[in-house]
Amino acid sequence: MIQFLEYEFDELQTILFKAGQIVPLNSTQSKLLALFIFHPNKVLSKDDILEQVWQGKVVSEQVVFQNISQLRAILGESSIKTFPKKGYQWQLALTHSTSPNDIERKKSTNTDATSAFKASLTPSSKAVQIPQSDIAERAKKTNYIPAIVGVFLLMTVAFGLYWVKGYEQSSNSIASRSISDSNITLAYIPFTADSPRHFATELEQLNNQFDFVNVHFNIDTRSFINSPYMQYQQLGLTRELAFTGVLKSNGDGATAKQLPYLLELVVQGPQRSWTSYLYGVSMPDLVSQTQALVATLSHSNYFNQKRDSLLSAELTLINEHLGGSLHALPTLIEHLIDEKRFDAASGNIDLLLSQSELTHPLYYGYGKWLKGRLLQAKREPVSAQSYFEQADLLFLDANIYDLQAEVNKSIAELAHTVAHTKEDYEFIRHHLYKAASLARLGKKPVAEIRAYTLLSIKASKFGFKKERMDYLMQAKTLLAEYQLDDSHYMLPMYHFALFADTLSERIKFYHLVLDAPVTPDNYWVFFSSADALSQIYLKEGRSDKALTVIKKITEPARSAWLHAKYYRELADTDKAIEYGKTAFNLGRGQHINWLSLNSALLLLELQHNQGTNQSLVQYREFITNHATEWWLEWRKDRLTKVGITVTEQMAGL
């Protein structure tokens with residue numbers, strides 16, 4: 001262990017500690033810090049740094065400066081000195097430590113690093129009140145009173161038999177549907193593991209048992225998981241279901257002995273993907289569960305359904321066919337929350353929590369997270385925060401870092417809804433930075449990059465212009481470092497456009513977005529960029545260019561909306577009304593409320609001087625019944641001009 005100032009640096013695992021807690025650094029920052037510490041007396045040129053840290057990857061020299069600036073922000077401006085036209089040199093005194101903590105860390109590998117990381121990520125806010133059922137369950141892990149050892153062992157054996165039997169029953173009930181009856185071809189990508197060397201035997205056994213699969217593809221599993229839709233397209237698939245998975249250890253102490261394995265299963269179809277988490281006692285058990293689940297999914301229309309408004313019905317059918325399995329509930333609940341069907345969502349969350357508490361620690365934590373998201377949607381932030389913190393602790397306890405990262409994003413987003421001060425921003429920044437670090441630990445590069453992109457957005461909204469660009473550049477650097485495909489560049493490029501200082505730069509970045517590959521996940525970015533760029537061209541009087549951009553949007557409802565705005569700008573009221581009505585009706589039919597609301601307001605503005613007619617009454621009623629408080633406040637001035645009083649509307653919410 002190397003010490004400097006109040007820091008310790010584990011040179012074996014390239015982890016930085018401060019006061020016994022891990023300082024979250026991304027992989028590039030860790031490599032860069034190690035390089036400086038290992039060569040404290042050398043002036044390192046930019047070429048030296050690029051060669052040692054980026055190892056031949058093509059990045060700009062600006063990236064070196066940005067990462068050094070980020071290290072200085074953590075360690076102090078005087079930690080690294082710049083020598084003009086020469087390079088950079090470490091400036092802090094270093095000493096080697098052989099403390100008991102250091103010796104203990106050197107005895108370990110990733111296990112002890114993980115434990116230290118878990119300790120450092122315990123929430124610093126007020127103590128979380130976990131329900132008594134949770135506390136009682138976890139007390140079973142440590143209360144080994146000698147007088148009841150015999151009883152405990154008998155209970156453990158009985159519980160284990162019950163558990164295995166329960167999984168067998170669940171698998172058998174699902175597998176009653178045959179894959180061969182679905183007329184769907186299954187494409188299989190070999191499974192990998194969080195630690196492939198550790199699980200070498202299990203992976204070989206696992207990958208040799210998928211004899212029910214039609215097509216095998218020998219491609220990189222991580223690439224498929226990072227970009228399932230793009231990989232699906234590149235494989236030339238059209239109707240098939242492609243699936244793969246990541247094998248992990250069960251990190252939950254209460255269940256690991258009975259179910260030592262956890263499998264993250266990823267399935268991709270023509271329109272969307274699916275993720276489930278399977279606990280198992282052996283590789284044959286996991287294969288059986290996978291086959292049963294994929295069989296049910298292959299009979300559904302979930303992967304081919306183009307209308308999001310019909311997905312909750314499809315998921316309800318899948319949930320019924322899965323019998324006692326919980327795998328459809330998380331996705332179903334997410335759609336119910338999005339559709340504001342709060343009662344149905346609440347009932348399913350209670351079902352998920354009650355059925356997973358003793359048998360599926362991951363879904364139990366997921367249920368707590370979903371409960372927080374439901375309460376956030378219902379504008380109950382205090383209760384939502386409590387459930388988010390419970391989920392954070394449960395995922396931490398079970399070593400499920402990728403989902404813990406998502407929970408911390410939710411905590412940050414919730415905080416932003418009531419944030420006003422610099423201290424609020426620091427709280428948001430802490431949780432998003434923590435989310436990025438957890439995503440890296442969970443080997444989810446896309447989630448790590450999105451956390452940095454969110455950091456950039458939040459910094460911008462609080463007026464920190466330098467920080468917003470630093471975080472955005474970090475996201476771009478990680479894209480190159482992880483060698484992700486071009487579809488992942490769309491979101492950072494979109495925000496480069498939003499943050500651009502000049503109109504020409506903004507136009508350039510919007511075009512970069514529109515040239516990137518489109519996926520279901522980034523389509524909203526593609527549409528938003530087309531919308532913004534077409535409006536820029538219209539304001540400049542370049543209607544031909546605006547129309548060219550609009551034609552890139554082929555989805556009927558959104559295309560009609562952009563055409564309505566286009567013709568309004570050209571003062572062609574009749575065509576604007578025609579397209580506006582199309583957008584309004586299609587939006588209502590597909591439950592795209594924001595589109596129908598905006599179309600209704602546009603139509604009221606276009607026909608405001610035509611007196612009262614049934615159509616105008618219909619548009620007003622739609623706004624009254626569907627507008628949110630946020631939308632009403634955002635459109636306040638425009639609504640007032642067409643005779644809608646926002647204060648009265650808000651009073652009715």
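## Salt bridges and overall build

K248, E264, D402 and K444 are joined in a network of salt bridges. The model that shows this network is predicted. The chain has 653 residues, and 52% of them are buried. Its secondary structure consists of 31 helices and 13 strands.

**The network and its strand pair**

- Two members of the network, E264 and K248, meet through their side chains in a salt bridge, at 3.2 Å from N to O.
- E264 belongs to strand β12, residues 261-268, while K248 belongs to strand β11, residues 241-249, so this pair ties together parts that lie 16 residues apart in sequence.
- Burial applies to both partners: E264 and K248 are each buried.
- D402 and K444 are also part of this linked network.

**Other salt bridges**

- The structure holds 19 salt bridges.
- One of them pairs E540 with R542, and their closest N and O atoms are 2.8 Å apart.
- E540 has a relative accessibility of 36%, so E540 counts as partly exposed.
- R542 is partly exposed too, because its relative accessible area is 30%.
- Another salt bridge links E555 and R558, with 3.1 Å between the closest N and O atoms.
- Here both residues, E555 and R558, are buried.

**Helix α19**

- Helix α19 covers residues 445-461, which makes 17 residues.
- From the first C-alpha to the last, α19 reaches 25 Å.
- That span is close to the 24 Å expected at 1.5 Å a residue.
- Most of α19 is covered, with 14 of its 17 residues buried.
- G463 comes just after α19 and takes a positive phi of about 85 degrees.

**The chain as a whole**

- Among contacts in the chain with a separation of 6 or more, 61% are between residues 24 or more positions apart.
- The accessible surface of the chain comes to about 30,600 Å².
- Carbon and sulfur atoms account for 52% of that surface.

**Points to keep in view**

- Start with the pair E264 and K248: a salt bridge between strands β12 and β11, with both residues buried.
- Then turn to E540 and R542, a salt bridge in which E540 is partly exposed and R542 is partly exposed.
- For a helix, look at α19 at residues 445-461, then at G463 just after α19.

Conventions. Residues numbered from 1 in each chain as written. Predicted model: local features only at pLDDT ≥ 70, side-chain atom pairs only at ≥ 80, totals over all residues. Heavy atoms only, no water. Helix = DSSP H or I, 4+ residues; strand = E, 2+ residues; numbered from the N terminus. Buried < 20%, exposed > 50% of the residue type's maximum accessible area, 1.4 Å probe, protein only. Contact = heavy atoms within 4.5 Å. Areas by Shrake-Rupley, 256 points an atom, 1.4 Å probe, with all protein chains shown as cover. Expected span 1.5 Å × (residues − 1). Salt bridge = Lys/Arg side-chain N within 4 Å of Asp/Glu carboxyl O.
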